[in-house]
Amino acid sequence: MPFFSQAKTLKQDENVRRGNWSNQIEFILTSIGYAVGLGNVWRFPYLCYRNGGGAFLFPYIIMLVFCGIPLFFLELSFGQFASLSCLGVWKVNPLFKGVGYGMMVVSSYIGIYYNMVIALSFHYFFSSLSATLPWTYCNNEWNTYECTGVFDHHSSNDSRNNTWFPTKRHTLPTRISTATSIFSVDLENNTTQIPGRIERRASPSSEYWMYNVLQISDSIGNFGGVRWPLFGCLVLAWIVVFFCLIKGIKSSGKVVYFTATFPYMVLFILFIRGVTLDGAAKGISYYLTPQWDKILQAKVWGDAASQIFFSLGCAWGGLITMASYNKFYNNCYKDTIIITLANCGTSVYSGFVIFSILGFMAHNLGVEVSEVAEQGPGLAFVAYPEALTLLPGSSFWAALFFFMLILLGLGTQFCLLETLVTAIVDEVDSDWIRKHKAFVTLGVAIIGFLFGIPLTTRAGVYWISLVDSYAASFSLVIISCFLCIGINWVYGFRNYFMDVSMMLKREPPFFFKICWCLISPAIIFFILVFSLVQYETPTYDGRKLPYWAEVIAVLMATSSVICIPGYALYRLWCTPGATFMERLRHSMRPAPDWGPSLPEHRTGKYAMVGSLSHATVVSFEKDGQVGLDAGLSEDVSKSFSCTEPRLSFELHQAQLNGPAVPSETEIHP
């Protein structure tokens, strides 16, 4: 094909009004940054170690193949085909538009608390820019008499107390993690067994976290005022996110060249440093040594399915949103394979980085690796920082580690915020709001910041834990289940398979049809049952939260799910029809303008396209008279109005000019 002809074809594929990625690398890097988040570093390695080491990779890969990759491909193809947000794509089945609203609610919750985690990482990053890490020794004003640092246990307690006097006396948490102590801890009695006496001990990193960074209150209801250093870091986090998204994907697409790639450089540097340390081999052995008897346990399979599901970011709305900016004929199937394998490979690779350092820490303390292994914030802000104090040049390694956490968090946060902004802009769909999209981004960022202020209080960590545990728990599983039902069982997997075939110019593997219809929904249902069976009363650091906090947690989890039946009832009320079943049928039929966004892409059953409206054949019945109308999308949309309840109609997509899939000459091998 001549160069100028090829350039003209590419230009025709450009969605000028809405915009596209400048190139496909930007989409892949953005999606990798979205999927590869903090959970890959601070959750997967611990799950792998706890659930049988190398044996855990077997159920993990099984769940990736039969659930993760099919669902990822489903969402990417869904967004790319319609070039619309997580709300707009439900023109395919208007009754299920509540699924899109549920995704927005989940993204809002996660975006609020995720930026707070980024703020905490900023705080630790700035604290690392000092000659000595502030959590190295126990001679700080926030330390208690119970503090015993790694560098203190060789000297007597009396000698240490003669050299410093803490100005504050704190009450220790009711549970002391074994990861923060160099002694044998009796968790039930909260005591440490030392020959000749019984005392309580805590590491300097745990006290720095609890009493300096958080200045944690005694309960979730006692906010105790704003922690201004955290407040400032939260302001900085939102400013960074806003300016990176100020021009939408055109600006964030350039930023991800750094934010999505630099964490891999940091992981590589930390890996090289970690494996050269004494005890690293022991730590990696704990991480990967297979315990095959554990794969017979249902909990192991449940953890594998849950980790795959949540790690890939399914049902958050971000995958649909990011794919909606792809060009129509982009090979999203290839993108799916690249992104999902990169995500899971990063999880496994992170385990080597984490457990090599933890093995070194256990070697220095003379304890088993199991006694220092942690997950979540306990790993990121307590155990790993303590391990870094043992390294020469600890400030450099700590700054590098927390900078990596910042970038991992930003990669996910970009997509969460863009999901909300794109949904709003596409729903309003006016030239003015598209021209002033930056103001929408600013408004969403300000609202997110205001809702994040309570997380900067002394009780903020309780709320972070609550949101982390409930905002994106079983609600995501239910949303994903309705996503599969709405597309494959109501719209029809044959129809959708033909749509994807038209977009890819070839049929996807038959394997996906089986997974979309049967296997993936079955696994999703298994995850839901597993989540409900494993339900526990919300706690933080061993402290059981009050009943009213549990009620808030449940309301938070169900607030996204309630959007699905709530909007369905609203849609049924507004859809004309003489009977309930008639309304139900009408509300589940695709909207007249469902299909590819650009006219040049509407081939096959979508070929009848006018300059202002999409082709439909409309039959309607009013006062016993039947008539026909074609291509009048404005009139059709008015007939959906609640103000005309007696008007009933049927929409039949025109299939008069060609087959539903591309002809043989259009399908490339």
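**Exercise 1.** Is the link of Cys138 and Cys147 left-handed or right-handed about the S-S bond?

*Solution.* Keep in mind that we are working with a predicted model.

Step 1: Find the bond. Cys138 and Cys147 are joined by a disulfide, with 2.0 Å from S to S. The cut-off for a disulfide is within 2.5 Å.

Step 2: Read the angle. The value about the S-S bond is -65°, and the link of Cys138 and Cys147 is left-handed.

Step 3: Look at the surroundings. Both Cys138 and Cys147 are buried. The count for the structure comes to 1 disulfide.

**Exercise 2.** Explain why Cys314 has no bond to the closest cysteine sulfur.

*Solution.* Step 1: Find the partner to test. For the sulfur of Cys314, the closest cysteine sulfur is in Cys67.

Step 2: Compare with the cut-off. The two sulfurs are 6.9 Å apart, so they are too far for a bond.

Step 3: Add the accessibility. Cys314 is buried, with a relative accessible area of 1%. Cys86 is buried too, at 0%.

**Exercise 3.** Describe the largest cavity and its lining.

*Solution.* Step 1: Start with the count. The structure holds 3 cavities of 30 Å³ or more, and the largest has a volume of about 90 Å³.

Step 2: Name some lining residues. Among them are Ile32, Val36, Thr259, Tyr264, Thr346 and Leu407.

Step 3: Place the lining on the fold. Helix 2 (24–35), helix 11 (262–275) and helix 17 (394–428) each give two or more residues to the lining of the largest cavity.

Step 4: Sort by character. The lining of the largest cavity has 8 nonpolar residues, 4 polar ones and no charged ones.

Notes:
Residues numbered from 1 in each chain as written. Predicted model: local features only at pLDDT ≥ 70, side-chain atom pairs only at ≥ 80, totals over all residues. Heavy atoms only, no water. 1 Å grid on protein atoms, 1.4 Å probe; cavity = no way out; pocket = protein on both sides within 12 Å on 5 of 7 lines; lining within 4 Å. Points joined across faces, edges and corners; volume = space filled by probe spheres on them. Helix = DSSP H or I, 4+ residues; strand = E, 2+ residues; numbered from the N terminus. Nonpolar A, V, L, I, M, F, W, Y, C, P; charged D, E, K, R; others polar. Buried < 20%, exposed > 50% of the residue type's maximum accessible area, 1.4 Å probe, protein only.
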